[in-house]
Amino acid sequence: MQTRTRLKLVSVGPDVSVESGSVSFHSKFSNAVNLILDGNNLVSIVTNKVGGGPNNIVLNAQDVSFINVVKWNESYFMINGEVLLRNTAKVYNPLLSLHDVRISDFLTGLNFFERLLIKNAPPLSAAFLLDDRRKNFFITPFEKNLRISIRNSVDRFLEGDLSAISKLKGLGFGLTPQGDDLIDGFVSALVVYEFITKVNTYLLRNKIYSAAETSNLISNTFLRYAVKGMFYQRVKELIEAVALNDKGKIINSTEKLLNIGETSGSDIGAGFVLMSRKLFEGGIKWL
Amino acid sequence: MVDIEKANKEALDRLLKARPMLVGLGKAIDVIPGMKKNMILHAGPPITWDRMCGPQRGAVIGALIYEGLAKDEKQAEELAASGEIEFSPCHHHQAVGPMAGIVSPSMPVYILENEAFGNKAFATMNEGLGKVLRMGAYSPDVIERLKWMENVMYPAMDKAVRYLKKIDMKNIIAQALHMGDELHNRNKGATSLFFRTIAPAMVKTSDAATTEAVLKFIDGNDHTFLNLSMPTAKVSLDPARNVEGSTMVVAMARNGTDFGIQISGLGDEWFTAPAPVPPNALYFPGFSKEDANPDIGDSSIMETAGLGGFAIGAAPAIVQFVGGTPQDGLNKTLSMYEITIGENNVYQVPYLNFRGTPTGIDIRKVVEKNIPPFIDTGIAHKKPGIGQVGAGLVDAPMDVFKKAVIAFAKKYS
Amino acid sequence: MVVKGIIKKGEYYDSVTLMLVARDATKLDGVEDAAVVMGTGQNKSILETSGMLLDMFKDATDSDLLIAVKAKDERTAEEAFAKIDEMLKAKRAKTQEAGEYMPKSLEGALEFMPDANMVIISVAGKYAGDEAMKALEHGLHVMLFSDNVPLEKEIELKKYARDNGLLVMGPDCGTAIINGAPLCFANVVNRGKIGIVAASGTGLQEVSSVITNEGAGISQAIGTGGRDVKKDVGGIMFIEGMKALEEDPETNYIVLVSKPPHPEVLEKVANLIKSEIKKPVVGIFLGGDPDVVKSAGAIPASTLEEAGLIAASLAKGKSLDDFKKLLEEREKEILEIADRESKNKKDGQKFVRGLYTGGTLCDEAMLLSRKIIGEVYGNAPLNPEFKLKDSWISQENTFVDLGEDEFTVGRPHPMIDFTLRNKKILEEAKDPSVAVILLDVVLGYGSNMTPGDELAPAIKEAREIAKKDGRNITFVCSITGTDKDPQDRKKVKKQLEDAGAIVMPSNAAAAKLASYIVKNLGGAR
Amino acid sequence: MRKISDLFKQELKVINIGLLSFKESLDDVGVKVIQVDWRPPAGGDEEVMDALKKLLGK
């Protein structure tokens, strides 16, 4: 009460339902509280630090883990009994705004981003795929084995073997295992590729999705949106910065991508880099 | 019936208006009003030798030896019991003393002046932790230290302070609260600030050897400032006394046997009850509740002035020390707002968005809401001379506030 | 070298935590390898290659947290687990909010919620009055759940409230629904156009539940406490409540629920309806003369259910005849069931034992039964001559209100604690003269959260006891509550029916059914 | 002049003095409610209560 400032709505994702319906808690972190609606839809209440998303409710709070009662309807959100009017928040736009991107810009931006990633990604991130020296971060036998099978599956996939996706999904630590996040990155790259080259990648994206679908609600939700070309703010900002090859923006958005305490950001990033490069060096035959 | 609200506002205003300054030091006999050659001041409400607790007796013995009035424990006890020695509460002489709170005629004392009202307050210099007089120790080394403080430290401090003319106490305390002090159990920050203020002046006014020795001593004693924060609270509170119709508490003090309070609207009358032993205290290794002396010392003047336990939300280190979480500390401070008349305009709790500390205890609220003021205090061993055995949080006994409320109703209706 | 593992279900941590935790565990000497991962197929395969795939992990799912440790011996492995657990806990603790400050007084609370507008008071009656007055002086409405508040205090509070445009619900007010919020012992009802003023808690619950179950809804439901409509208090809040509902644009119909008010109060109410109330009023004054209500210009109802049904029909724009038909059908139905149930009884089985947790429901049941089977015994009978000598020992047709003090001293209210009634159910089942056991079940916040789980077994057992003796006892239940209540009426109904009980749509219907059965068996006086 | 019916137009905000379960059920339905950790005034001491009431101007 005294020690917490009043809550404010920052933004609400376009996919956040009109009515909360029956809400149950999936998981709580200081930066994000994940809710399950009517048993199958994921909606996340997150801090500014995490930022907007297709299914995110963003609050101006340092920490959202205190939330224990949530419901909403078309006009307001009620959080721990506090009423937040829906119309006080802006609706987050998850679509990329890319116009006549020059491929050369994109690729230089991509290289710059890759270097940042290699330098700043957390130890056990999949960024080792970008620079072999990072493999020394993997110490215990379990970690070593994890590293090896990630490496193998990714290589096989990039060689065009779709079945590798099913080997990759669910692979690794945490809420969204490294494998899932890599796949996320691959799909994001396909979306951008389509933006730039106007080559339709939707079918491939869908194939990947159906191969990657797991019972992990969070991973699935993230991936589903990526397939639809809907992005979370921190990925969106990064992609747009890369496409414009705007060094300053790339640095900031990379920071944002990495600083939410998970490997997810860097894993998505790694997947995005690998896939983009693959596509632009003769992706056509690959497709 | 008088307008209590108005009277309380007046009393609180006087407390908040205070401009406490350290202006120098002097010998108790020379500067403390009503001090006599054969008088010994003690902490808490009035008490006779036969009812004194161990540490206080020990301190008296030490003081008599220190004054040269007795050559050993036996003589000292006889003298103390003889009736030739006059015992009087520090509070009756504009003074305050931590723990046993013993002040004897030739002891040097700080002189605090409240520039807003011109009144003064006095307190001895802090001797450090462990075997010390205020804990009832009187072994030769203790007496020796007191002598050194009188002969070496006192002149050096006095010269330095007078060179600076005055040191603004409110200023130091306000900063210290932002450094994790609550000014009762933790004075680290304030002591450091005081050190920074006094050191250059001492270098200027005393020889190198003395300066080094004294500064070392201060540096080695985080509690140095306690003996300054206490008279600061005292000198700030005294003008709030005798406001007709005010239910504000102007003194809470313990002598290790009784716990006593004085109320602004009720003159100098003490309302007393047996002093409690801190129930949930943290004891130093080797000691337990069995060793603890009941609550003792004038230091609860800090809580009376809205610091100490009332400001514990600003001192996470202390909360942890007594086995709580920072949130516990904030909750404790928050609960004190419910029994105080107002908030301090200078002293703040950073973790409550710099809200002023809860200030000015209202006996009506204490009794109505049944929330005792709580005090963040050190604990002495019940045997004289062993010293501090721990620290803890202790609730003031509810009875003294009930008695005061009844007396107040009698007087004013 | 041993490998040990644990599965934790439904625990989620971010990847960094999990990696660090596993990492630290391997730092313990004697631990060769450790993994803390979600149980995805792929992770399992790695556990396998790492020689840590235990059988227990084989059918773990993506959402299970797997912890595996490879160590030189059992003890080290256990140590590792302990450490891992401790670290995970620490992580959890961090994300949880530190215990926030609980103010110690009304004033303290107002510092944190300066815009509060309602105070619920449930402290000892001796103090409740003063707290309530304090709240009123701060301009706050009051719900006074506490009982044993002195009469003078109640009058003082309500006069002050009336003069200052404030509500005082209670003392001894168990239920209210304000702005859709169920207060204290209230049900989760639809919001709608029907406003209720009630001097009876369970009465209010029954009516508001019936209305909701009929598909209509409640705008406001104001409780006044039973003493309000007595002579001394003079219906102050009952009257003010009616006025407030008249002024409320969201309220189109008003239902009044009470035991018969003192004549003076009734007159005030009547005059108010005549003079100020423009909205249709439905009145149920249990045991009172319907004509008085009628003459006051209100639609009289003879049962709580009826009051609810009438209001609901009005709200749904149906004619009063519609619901009259409905009642007639229901009456027919009841008689049919009664005949059926009368057949399977053994000679001598002819009495009903009503074991009630809701005082008003018990009264209503007795009123209805009296019409069918004559006077019934009880601990609070309609006719004093029929007071049980010993409330614990039933005779002939008996209805006991287990909510009366004599039963509740030293134990929670029977709506919360079923043990007492379950015990009595078994006793009654042993009595060869018992044909019907009549039970009320009150749902909603504050009531027992799992009534089905606790009552059904008792009913089963009781029926067993009777069967052994060749008897068949009919259990008739009513459930006061809605499907939206935390207990879920539908679910409870099913549980009771599975246990062999007949669940009627209302207390009135249940009481009638029980009485008709007794009548058929010749148990009437 | 305040009217009871004004309450019906406001968001209900509750202070709960006593049984904690009443707070919890309101939390459940998302009503803003704050619990008071109440203790009997003067610990129930009658003589003190009377004196106190005088001082509180009652």
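User: How much of chain B is buried, and what makes a residue count as buried?
Analyst: In this predicted model, 61% of the 413 residues of chain B count as buried. A residue is called buried if 20 or more other C-beta atoms lie within 10 Å of its own. So 61% is the share of chain B that passes this cut-off.

User: What is the secondary structure of chain B?
Analyst: Chain B has 14 helices and 15 strands. Its contacts can be sorted by separation along the sequence: of those between residues at least 6 apart, 74% join residues at least 24 apart.

User: What are the figures for chain C?
Analyst: Chain C comes to 18 helices and 19 strands. Of its 525 residues, 55% are buried. Among its contacts between residues at least 6 apart in sequence, 71% join residues at least 24 apart.

User: Why is strand β11 of chain C called mostly covered?
Analyst: The strand runs over residues 253-258, and 6 of its 6 residues are buried. C:Tyr253, C:Val255 and C:Val257 point one way, C:Ile254, C:Leu256 and C:Ser258 point the other way, and both groups are buried.

User: How do you know that β9(C) and β11(C) pair?
Analyst: Two strands count as paired if at least two bridges are found between them. Strand β9 (residues 191-198) of chain C and β11(C) have 5 bridges, in the parallel sense, so the condition for pairing is met. At one position, C:Ala198 stands opposite C:Val257.

User: In which sense does β11(C) pair with β12(C)?
Analyst: The pairing of β11(C) with β12 (residues 281-285) of chain C is parallel, over 5 bridges. C:Val255 stands opposite C:Val282 in β12(C). Between β11(C) and β12(C) the chain crosses through helix α9 (residues 263-275) of chain C, and this β-α-β crossover is right-handed.

User: What makes that crossover right-handed?
Analyst: The name depends on the view: with the strands pointing away from the viewer, the path from the first strand over the helix to the second runs clockwise. Here the first strand is β11(C), the helix is α9(C) and the second strand is β12(C).

User: How do you know that the length of helix α18 of chain C agrees with its number of residues?
Analyst: The helix covers residues 507-520, which is 14 residues, and at 1.5 Å a residue it should span 20 Å. The span is taken as 1.5 Å times one less than the number of residues. The end C-alpha atoms of α18(C) are 20 Å apart, so the two values agree.

User: How many residues of α18(C) are buried?
Analyst: In α18(C), 12 of the 14 residues are buried, among them C:Leu513, C:Tyr516 and C:Ile517. Just after the helix, C:Gly522 takes a positive phi of about 80 degrees.

User: Why is one side of β6 and of β8 in chain A left without a neighbour in the sheet?
Analyst: In chain A, 3 strands form an open sheet in the order β6-β7-β8, with antiparallel pairing. β6 (70-72) and β8 (82-85) stand at the edges with a single partner strand each, so one side of each has no neighbour in the sheet. Neighbouring strands of this sheet are turned by 20 degrees against each other on average, direction ignored.

User: How many bridges join β7(A) to β8(A)?
Analyst: Strand β7 (residues 76-79) of chain A is joined to β8(A) by 4 bridges. At least two are needed for a pair, so β7(A) and β8(A) qualify. A:Ile79 stands opposite A:Glu82 in β8(A).

User: What is the pattern of chain D along the sequence?
Analyst: Chain D follows α-β-α-β-α, with 3 helices and 2 strands. Of its 58 residues, 45% are buried.

User: How many residues of chain D are in contact with chain C?
Analyst: There are 30 residues of chain D in contact with 39 residues of chain C. The largest share of the side of chain D that touches chain C comes from β1(D), with 5 residues. By class, that side of chain D has 18 nonpolar, 7 polar and 5 charged residues.

User: Which strand of chain C pairs with β1(D)?
Analyst: Strand β4 (residues 118-121) of chain C pairs with β1(D) in the parallel sense over 4 bridges. The bridge partner of C:Ile121 is D:Ile17.

Methods: Residues numbered from 1 in each chain as written. Chains lettered and ligands numbered in written order. Predicted model: local features only at pLDDT ≥ 70, side-chain atom pairs only at ≥ 80, totals over all residues. Axes fitted to C-alpha atoms, helices over the stretch in contact; angles between N-to-C directions. Contact = placed C-beta atoms within 7 Å. Nonpolar A, V, L, I, M, F, W, Y, C, P; charged D, E, K, R; others polar.
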